[in-house]
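Let's take a walk through a protein together, one piece at a time. Keep the picture open beside you and look for each part as it comes up.

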Amino acid sequence: MRAGMLAFCLGIWLFSRVPVLPPWPVSNVVWLLLLVAVLLPSLWWWLPVNRWRLPLLTGLALILGLVWCWLHAVRQLEQQLPRELEGVDFWGAGQIVSLPSPRGQFQQFELTLKSVCFRLHPRDCPPSTGGSETANSAVAATSAAAATSAAAAKMAGARITLNEYTGLTLWPGEHWRFRVRLNRPHGFANPGGYDFEAALFQRGIIARGYVRDTVFNERLTAAGPGLQSARAGLRARLYQQAATLTHRGVLSALILGDRDGVSAAQWQLLTQTGTNHLLVISGLHVGFVAMTAYALVNLLVRLLPALLLWLPAQHYGALAAITAALVYSALAGFSLPTQRALVMVLVLMSGQLLGRRFMPSYSLLLAATLVLLLAPMSVTQAGFWLSFTAVGALLFAFTGYRRAPAEQGAGLSRRGLWSRSWGRSWQQSGRDVWFRWLQPQWTVSLGLLLPLLLWTGQVSLISPLVNVLAIPLVSLLIVPLALLGALLLVSLPALASGPLWLADRLLAWLFTGLDIAAGLGPALWQPAPPTALTMVLAMLAVLLMLAPRGLVPGRTSWLLPLCLFAPLLWPADRPRPAPGEAQLQFLDVGQGLAVVVHTRHHHLVFDTGPALGPQFDTGRAVITPYLRMRDVRQLDMLIISHWHQDHSGGAASVMAQFPVRQRLAGGAMAGGAVAGSAMAGTAAEPGFERCRAGQRWRWDGVDFEILHPATDVYRGENNNACVLLITAGSQRALLTGDIEQAAEHDLLRRYSREPAALRADILQAAHHGSASSSSPAFVQTVQPTLTVVSAGYRNRFDHPAPDVVQRLRANGSVVCETPRTGAVQIELGAADGPRLSATHRQRYRRFWHNIPPNDYGKVATVSAGGDICGRDRDGGWLVDAADNSVFHSGDCDCH
C-alpha cells in the first residue's frame, strides 16, 4: 500500500516536469484514467501473491498518478483565455470568491466566471445562467469570431484575477457583471527566479486583467451567507475594532490568513530569523489548535461520565480536533498550507476513531496522496515540500526511539538515589527540556536545510534558537488570544478589545526580540548553489544526524555527517567565462531593462528593472535571486542608464544586498529619485558618478567603453542615458538604454569618420523597441546579428514597434523578445561566438507556461462588440466601433 501511494505521488511529480501536454482531448484522458483505476483494484484481488505482484501494482499506481495530473492539466488548459480575447473588452459575469485585497491605487479580487458576453450594451446580453453567449450579430460574422465565441463558452466556471481602480464597494459572494480586459497569466522567466505562472496555475487562475471604468458595471445579486462573506465580515470588524492596534495586519494574517497587512519590512525580518511560518495560518498553528481541542475535550468529557456511555473520551477528542482544524482552516479560506495540515489531522484522528494506530510512514504518505489528489499542481510549490519534509524529519527522528531497559532502570534508580539532590534534578530537567522541546526544533531546522537551499538559496542561521522561544509565544499565547478576540468580535464585540490588545502587545515584544536577534550578527547563510553530488552527500549527512539512537554505531557518530557536509561548506568552483570572454544575461523584467555582464572575475549590472509597487521590485525579485544562483558576492560596477522608474526601480534592493565597488549613472542633471529608496537619486548624487563618453576600463581581457552621453545635456531623460560598448576579442555588444533618435544621430555624427566603431554583434534595442528609437541609419550602421528587446508582455506602449522589428530583421538580425524567450544568455568572445547559449522559457519550459507566438500582438485597439463611448447634454450615446452604429442610452458614460 505504501509503495502504491509513493508511486502515485511520484507519477504526479513526474508529469509536472512535462514541457508540453500530449495532444489528447479530455474524453480520451478520462477513459485512460478509468481503465487504470479499474485495473488497479482488480489486479490487487485477483493477481496471486508472487514476485511480480508488487512491481506491477506499483507501476499501475505510477501510471494512475501520471494520468490524474494529466486530466487535471487538460481540463484547466481547456478553460484558458483564448488568445483572440487577450486585451479585448467584453462583459464577464460571475461571483466574487476571494477577499478584495487593497494594493495601493487599486483593489484585487478573484472572480469565478458564470458567463461572458460580446455585445456592446449589457442589456443585450443573455441572463447570467452559467453559460456563455455563443452567437451574436457583432461577433459571429466570421469563422474566427465563431471559434473565439465557442472557446469562450468553455470559460464558464473558470477563475480570473481582476484589478479594480475606481473604488467600487465589493464583497465576497456578490454576483457582478463587469466590463473586463484580460490577458493570459504571464510571469517573469529567469534563472533562479520564482515561477509565478506555476503558482497561478495551481490556484486555477486562467486569466488576469482589470475592470474597465464604466457606469454599466453592475452588481447583479447581493452576497448571501457563505465562507468568503463571513471572512470579509470578520476582517471588517477586526480592522474597525483594532484601529488603534499596531499590528492589526499581522492579527488578520493569524486569524484569516490575509497577508495584505504585513509590511515588506516585517516579512524581511521574519525571513532573516526563519520565523515567517509563524505569522500566517500555517500547518503548525492548525496542528496546535487541533491538539489543544483534543486535549481539552478529552479532559472535559471525563468529568461527564454519562457521555462516556456513548463514545470513549478519545473519540470525543478526535472529533473536537477535526472540528477545530476544519473551522480554523475555513477561516484561512482553505489555503494550501491549511489543506495539508487539515489532511494530516484527519489522517491521525481517523486512526483514533477507528481504533487503529497507523504507521507514521503510512500516515505521511496517505496525507501526501490525499493532498495531491485534491490539488495535483501543489507539487510545484515550495510549501508542499517544506511542510512534508518537516513532518517527515520529525517522524524519522523520533519514531521508534526507545531507551534501553537497562538505561531506563538506571535512570529510575538514579532518580531514587538523587531525589533530594538539586544538581541531579536540574540535570534531569534540562535533559527533559532538550528532548521535549529543543530537539524537535533542531530536527526541523536540520531537515529543512536542503529544501530551503534548493528553493530559496538561503537558510536562517538563528532560526533554531529563535523558534525555540517564538513558537510557544505565537502558538500558545498569541494565536489563542487572537482567535478568542475573533470569537468575541462575532458574539460579544465589547469584550473583544482585551484579547486583541494583549495579542498586539505580545506581537510588539516578538518583533522587538526578532529585531535584536537579527542585529546580533549574520542571520542568513547564503552558500553557493550546491552541485548534485554535494546535495546527495549532504542528504546522507542529514539522514545520519537525524537517525534514531543506535542506528549509527560508534562513539563519534557525528564525525561522518560532518565530513559529508564539508562539500556544502566549500563548494566546487562554478564554470566561469574564460579570460577574454564575457557572458551577458538579459534578464526578463517585463517593461524595463536589466542586464548582467560576467567576466572571469568581475560582475557588472546595467539597469535594475522596474518597481511595481511599494512591496515589489525586480531588484529584489529577479536580480538578487539570479546573482545568488551565480554565487556573486559583490558587484564591481552598477550602471543606471537613466533614472526612469523602469530602469532604476530595483537599484535600492540590489545595493542593499550586494556591496558595489563603483557606480555610474546617466540621465539629466535634474533627474528623479531611485524608486523605492530614500535617495534623492540624480546622476550627481553622492556615490554615483555621471557616466560620460570616453570612460574606459578593462576586466579579464574584456574592454568596456561609455559611448554616450557626451558633454551636452539633452531635453528629456531618455536621450541622456548611458550607452555601453563591450568588446571581447573581435566581438562586440552595445547596450543603449532608452536613447531615442536624437541621441542616435549624435552618435552617428561623432563616429561618422569611423562608422565601424559603432558596429556590434549584439544590440539591446533602445527604449524597448520603441518607434522613437532604432532609426534606419542607426540600425544600418550597427548591423547587429542578434538584437534583444526587453519589454513587457502585451504592454500598453505597443513595444516593440512592428516597424522596428521588421527593420532589424531586414538588416539580417535575429530578434529575441523577452516576453517570448524569458532571460536571454549570450556568450561573447568565444571562438564560435557570439553565441546565443540559452533562452530561459525554452530551456525550462513547462506545460503551464504562456509562450506567445511570434504574432501575439500587443494591447487591442478594438473591443469585442465595440467600445462604450460618448456623452452629450441630452444623455449618453453608445458607439459601436466595430460597425459604426450609434444608438441612444440615457445612462451612458464615456470611458
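Before we start, one term: a residue is called buried when its relative accessible area is under 20%, and exposed when that figure is over 50%. Keep in mind, too, that this is a predicted model.

Now try the term out on Gln585, which you'll find in strand 10. Its relative accessible area is 1%, so Gln585 is buried. What does Gln585 touch, leaving aside residues up to four places away in sequence? The list is Pro191, Ala594, Val595, Val596, Tyr626, Arg630, Ala823, Val824 and Gln825. Pick out Tyr626 from that list, since its side chain makes a polar contact of 3.4 Å with the side chain of Gln585.

Let's zoom out to the sheet that strand 10 belongs to. Here 8 strands form an open sheet with mixed pairing, in the order 15-14-13-12-11-10-23-24. At the edges sit strand 15 (689–690) and strand 24 (835–839), each of which pairs on one side only. For a look at one pairing inside the sheet, find strand 12 and strand 13 (residues 637–640), which pair in the parallel sense over 3 bridges. Here, Phe606 stands opposite Ile639 in strand 13.

Tyr626 takes us to our next stop, because it is one of the buried residues of helix 22. The others are Thr618, Gly619, Val622, Ile623, Thr624, Leu627 and Arg628. Helix 22 lies across strand 10, strand 11 and strand 12, and it runs at about 20 degrees to strand 11. Its buried residues pack against strand 10 (582–586), strand 11 (595–598), strand 12 (603–606) and also helix 24 (651–657). There's a general idea worth having in mind when you look at any such helix: an α-helix has 3.6 residues a turn, so residues three or four places apart point the same way.

How far apart should the ends of helix 22 be? At 1.5 Å a residue, the 12 residues of helix 22 (residues 618–629) should span 16 Å, and the end C-alpha atoms are 15 Å apart, which agrees. Now look at what happens around the two ends. At the N-terminal end, Asp617 acts as a cap, with a side-chain oxygen 2.9 Å from the backbone nitrogen of Gly619. Just after the helix, Asp631 takes a positive phi of about 60 degrees.

Next, move along the chain to strand 17 (residues 702–708). Strand 17 is mostly covered, with 6 of its 7 residues buried. It runs antiparallel to strand 16 (residues 696–699), and 4 bridges join the two. One of the matched pairs is Trp699 with Val702 in strand 17. Together, strand 16 and strand 17 form a hairpin with 2 residues between them, and Asp700 in the turn has a positive phi of about 50 degrees. Strand 17 also runs antiparallel to strand 18 (residues 723–728), this time with 5 bridges. There, Glu705 has Leu725 in strand 18 as its bridge partner.

Now for the aromatic rings. The count comes to 18 aromatic pairs. Take Phe15 and Phe847: their rings form a tilted pair, 5.7 Å centre to centre, with 50 degrees between the planes. Phe15 lies in helix 1 (residues 2–15) and Phe847 in the loop between helix 29 (840–843) and strand 25 (871–872), so this pair ties together parts that are 832 residues apart in sequence. Are these two buried or exposed? Phe15 counts as buried at 6% relative accessibility, and Phe847 counts as buried at 8%.

Another pair is Trp24 and Trp70, with ring centres 5.3 Å apart and planes at 40 degrees, so this pair is tilted. Trp24 lies in the loop between helix 1 and helix 2 (26–46), while Trp70 lies in helix 3 (residues 53–78), so the pair ties together parts that are 46 residues apart in sequence. Trp24 counts as partly exposed at 40% relative accessibility, whereas Trp70 counts as buried at 9%. Ring pairs link Phe15, Trp24, Trp70, Phe201, Phe847 and Trp848 into a cluster.

Our last stop is Ser770, in the loop between strand 20 (762–764) and helix 26 (776–782). At 8% relative accessibility, Ser770 counts as buried. A polar contact of 2.9 Å joins its side chain to that of Ser772. Leaving out residues up to four places away in sequence, Ser770 touches His799, Ala801 and Val804.

How values were computed: Residues are numbered from 1 along each chain as its sequence is written. This is a predicted model: local features need pLDDT of at least 70, side-chain atom pairs count only at pLDDT 80 or more; totals for chains, interfaces and linings use all residues. Side-chain values use heavy atoms; hydrogens and water are left out. The expected span of a helix is 1.5 Å times one less than its number of residues. Buried means under 20% relative accessible area, exposed over 50%, partly exposed in between (1.4 Å probe, protein chains only). Contact means heavy atoms within 4.5 Å. A polar contact is a pair of N or O atoms within 3.5 Å; within protein, one must be able to donate a hydrogen and the other to accept it, and residues adjacent in sequence count only if both atoms are side-chain atoms. Two strands pair if DSSP finds at least two bridges between them. Axes are lines fitted to C-alpha atoms, for helices over the stretch in contact, and angles run from 0 to 180 degrees between N-to-C directions. Rings of Phe, Tyr and Trp (its six-membered ring) pair if their centres lie within 6.5 Å; planes under 30 degrees apart count as stacked, over 60 as edge-to-face and the rest as tilted.
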